[in-house]
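Trainee: Could we go through a protein model together, one question at a time?
Mentor: Happily! Let's have it in front of us before we begin.

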Amino acid sequence: MPSPEEWEEVVGLAAASGAYLFSDEMYRGLELDEETRLPSGVDVYDKAITLCGLSKTYALPGLRLGWLATRCPEAMKRVLELKDYTTICSPATSEVLALMALRMRDQLAERNMALIRSNLDYLDRFFAEHPDKFKWHRPQGSSTAFPELVNGQSAAEFCQRLVDESGILLMPATTYDYEPDDGRQHFRIGFGRENMTQVVDLLAANLNQEK
């Protein structure tokens, strides 16, 4: 997550050139410390386009609903034209359920934050027990993290082995076109599910088999 200073610099660069600024805010509301929450792009720049939805903060990916917000009439016009040629409208049942969810969004967000905090504590303990294999970068928010392998193993090979041997799905950083010049090996791990602790226990068992 960018710092307030970094975010201000990004907005300033876009404004200086008159460029559109697309801000993916799907994880907005899942900051561990609300004081670190950045202002929405649409609130600080008139050519910003922000993306948000129900799948992350409210844990309702099955509804397949999200939204864009912008103060730029031209951008909104183009988006509506595209929508008319693609989806046109969303399923009515999904829209009704989305309205019900948004009316109790605070309760949903609080429930998910409690689960995320609990799972993060579990991950803290797990990575503390394996400093010879991982470097733990504790996130400031969201329900995903990006740990680093420090034992010289390829992240892609590590993730493939876990799928083959234990049925655990982690994503190597190369999936996201992240390949640092210094050869660091990162992978993505999610911790927004209720069964995460069971999966981490399976991961620990797999690592113990290597010893």
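Trainee: Which residue in strand 2 is the bridge partner of Phe22?
Mentor: Keep in mind that this is a predicted model. Strand 1, residues 21-24, and strand 2 pair in the parallel sense over four bridges. Asp24, for instance, stands opposite Leu51 in strand 2. For Phe22, the bridge partner in strand 2 is Ile49.

Trainee: And which residue in strand 3 is the bridge partner of Ile49?
Mentor: Now we look at another pairing of strand 2. Strand 3 covers residues 66-70, and with strand 2 it pairs in the antiparallel sense over five bridges. Within strand 3, the partner of Ile49 is Thr70.

Trainee: How many of the six residues of strand 2 are buried?
Mentor: Buried means under 20% relative accessible area. Strand 2 spans residues 48-53 and is largely enclosed by the rest of the structure, because most of its residues meet that cut-off: of the six, the number buried is five.

Trainee: Along strand 1, which side chains point to one face and are buried?
Mentor: The side chains alternate along this strand. Phe22 and Asp24 point to one face and are not buried. Pointing to the other face, and buried, are Leu21 and Ser23.

Trainee: How many disulfides does the count come to?
Mentor: A disulfide is a covalent bond between the sulfur atoms of two cysteines. To be counted, a pair of cysteine sulfur atoms must lie within 2.5 Å. By this rule, the number of disulfides is zero.

Trainee: How far from Cys52 is the nearest cysteine sulfur?
Mentor: Cys52 counts as buried, because its relative accessibility is 16%. Cys52 is in no disulfide. The nearest cysteine sulfur belongs to Cys72, and its distance is 20 Å.

Trainee: Is Leu97 buried, partly exposed or exposed?
Mentor: Leu97 sits in helix 4, residues 92-103. Together with Val96 and Met100, Leu97 makes a nonpolar surface patch of about 280 Å². Its relative accessible area is 43%, so Leu97 is partly exposed.

Trainee: How far apart in space are Ala92 and Tyr178?
Mentor: Ala92 is also placed in helix 4. With a relative accessible area of 54%, Ala92 is exposed. In sequence, Ala92 and Tyr178 are 86 residues apart, and in space their C-alpha to C-alpha distance is 39 Å.

Note on methods: Residues numbered from 1 in each chain as written. Predicted model: local features only at pLDDT ≥ 70, side-chain atom pairs only at ≥ 80, totals over all residues. Heavy atoms only, no water. Buried < 20%, exposed > 50% of the residue type's maximum accessible area, 1.4 Å probe, protein only. Helix = DSSP H or I, 4+ residues; strand = E, 2+ residues; numbered from the N terminus. Pairing = 2+ DSSP bridges. Patch = residues over 30% accessible without salt bridge, like charges linked within 9 Å, V, L, I, M, F, W, Y side chains within 5 Å. Areas by Shrake-Rupley, 256 points an atom, 1.4 Å probe, with all protein chains shown as cover. Salt bridge = Lys/Arg side-chain N within 4 Å of Asp/Glu carboxyl O.
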